[in-house]
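Work through the exercises below with the model open. Try each task before reading its solution.

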Amino acid sequence: MHAAPMYIAETAPSQIRGQLVSLKEFFIVLGMVGGYGIGSLTVNTLSGWRYMYATSVPLAVIMGIGMWWLPASPRWLLLRVIQGKGNVENQKEAAIKSLCRLRGPAFVDSAAEQVNEILAELSFVGEDKEATFGELFQGKCKKALIIGGGLVLFQQITGQPSVLYYAPSILQTAGFSAAGDATRVSILLGLLKLIMTGVAVVVIDRLGRRPLLLGGVGGMVVSLFLLGSYYIFFSAAPVVAVVALLLYVGCYQLSFGPIGWLMISEIFPLKLRGRGLSLAVLVNFGANALVTFAFSPLKELFGAGILFMGFGVICVLSLLFIYFIVPETKGLTLEEIEAKCL
């Protein structure tokens with residue numbers, strides 16, 4: 001969850017980095033849809049869960065074998081150079097070979113020049129000293145942690161776990177008997193997530209991170225207030241709940257879904273990227289667990305309408321956070337992000 005976006009961000013050309021990191025989210029959602037589909041086929045089979053797990057094994061084996069052929073991140077190799085770890089010429093040669101493997105034959109002639117540019121940029125932004133964990137909470141790293149940690153925190157506390165985990169019961173409450181078949185509902189929502197993530201992949205490097213975040217989270221605000229209004233005012237019109245649910249899922253996958261992971265993979269300075277990203281992932285899953293476990297007690301205490309309205313208010317706060325705090329990183333190299341945005 002944290003190594004994949006970090007590796008992609010460090011190895012991808014800046015012009016398509018957004019697309020490639022977002023493709024990770026796209027294939028995760030594709031896997032979910034496949035899992036939902038296989039689950040629906042085996043749900044009535046005796047010990048069907050065994051078949052569900054068995055179908056994942058070949059994919060995991062292929063991926064595990066494929067990992068052995070991945071070259072090391074050129075930026076990681078060059079970071080070791082300026083921190084005085086290993087032979088300078090050997091590390092530079094390894095970085096050039098890695099870049100050639102990652103970018104293809106057309107890049108062979110310019111690989112050495114690119115390596116020297118990355119080295120110069122790393123030296124300029126002060127990556128020459130090995131970082132301590134405490135530096136995460138100081139200077140540039142502190143700002144990166146606020147941006148990255150804030151995004152993944154709002155990604156969860158705007159109700160994403162609750163809306164998605166409880167989607168079948170939301171539809172059931174709305175009076176749609178088909179929602180009784182949770183697997184079918186999951187497949188439909190999964191397909192919508194897949195389509196909207198695909199849209200984000202196509203446009204993210206053209207439009208930028210901020211427009212998609214602001215537009216998508218704005219749509220989430222509308223959908224949450226609409227969902228809350230259904231439970232309080234429009235309970236006789238179940239179509240309101242369905243429209244709100246679909247709007248929420250679509251807007252989330254256009255914004256927080258892929259861009260949260262993209263931003264945390266590119267915003268941290270290189271020497272602390274691994275630790276910073278790990279901490280952001282910890283915040284993400286901690287907040288996910290908190291919202292998941294708190295939803296039912298809070299629903300009992302306040303009612304679904306007030307609860308979704310509360311998520312809507314938090315979503316408005318996240319919109320303000322994005323507008324005033326989150327920078328645009330479209331088209332910038334990782335070193336330029338560190339120099340200009342932090």
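Buried means under 20% relative accessible area, exposed means over 50%, and partly exposed lies in between (1.4 Å probe, protein chains only). The model is predicted: local features need pLDDT of at least 70, side-chain atom pairs count only at pLDDT 80 or more, and totals for chains, interfaces and linings use all residues. Residues are numbered from 1 along each chain as its sequence is written, and side-chain values use heavy atoms, with hydrogens and water left out.

**Exercise 1. Classify Met220 and find its contacts.**

Step 1. Locate the residue. Met220 sits in helix α11, residues 209-232. Helices (H or I, at least four residues) and strands (E, at least two) are DSSP runs, numbered from the N terminus.

Step 2. Apply the cut-off. Met220 has a relative accessible area of 0%, so it is buried.

Step 3. List the partners. Contact means heavy atoms within 4.5 Å. Not counting residues up to four places away in sequence, Met220 touches Thr158, Tyr248, Cys251, Tyr252, Ser255, Phe256 and Cys315.

Step 4. Check a separation. Met220 and Leu262 are 42 residues apart along the chain, and their C-alpha atoms are separated by 19 Å.

**Exercise 2. Decide how far helix α13 is covered, and find what touches it.**

Step 1. Count. Helix α13 spans residues 256-266, and eleven of its eleven residues are buried. Among them are Phe256, Trp261 and Glu266.

Step 2. Take Glu25, which lies in helix α2, residues 17-42. Its relative accessible area is 10%, so Glu25 is buried. Leaving aside neighbours within four places in sequence, Glu25 contacts Thr197, Gln253, Gly257, Pro258 and Trp261. Gly257, Pro258 and Trp261 are listed among the buried residues of α13.

Step 3. Take Leu151, in helix α7, residues 139-157. Leu151 is buried, because its relative accessibility is 0%. With residues up to four places away left out, its contacts are Leu213, Phe256, Met263, Phe321, Ile322 and Val326. Phe256 and Met263 are in α13.

**Exercise 3. Is Arg206 buried or exposed?**

Step 1. Place the residue. Arg206 is in helix α10, residues 182-207.

Step 2. Apply the cut-off. Its relative accessibility is 56%, so Arg206 is exposed.

Step 3. Compare sequence with space. Arg206 and Gln19 are 187 residues apart along the chain, with C-alpha atoms separated by 9.6 Å. For Glu25 and Val201, the gap is 176 residues in sequence and 9.1 Å between C-alpha atoms. For Leu151 and Ile38, it is 113 residues and 33 Å.

**Exercise 4. Summarise the whole chain.**

Step 1. Secondary structure: the chain has 16 helices and zero strands.

Step 2. Compactness: the radius of gyration is 22 Å, close to the 20 Å that the globule rule gives for 342 residues, so the chain is as compact as a globular protein of that length. The radius is taken over C-alpha atoms, and the rule is 2.2 Å times the number of residues to the power 0.38.

Step 3. Burial: 47% of the 342 residues are buried.

Step 4. Contact range: among contacts between residues at least 6 apart in sequence, 80% join residues at least 24 apart.

**Exercise 5. Test two annotated segments against the model.**

Step 1. Read the record. The unreviewed UniProt entry annotates "transmembrane region" over several segments, including 212-233 and 276-295. UniProt positions follow the numbering used here, feature names are shortened, and annotations may be inferred rather than shown by experiment.

Step 2. Check 212-233. This stretch is 95% helix and 0% strand, with end C-alpha atoms 31 Å apart.

Step 3. Check 276-295. This stretch is 100% helix and 0% strand, with end C-alpha atoms 28 Å apart.
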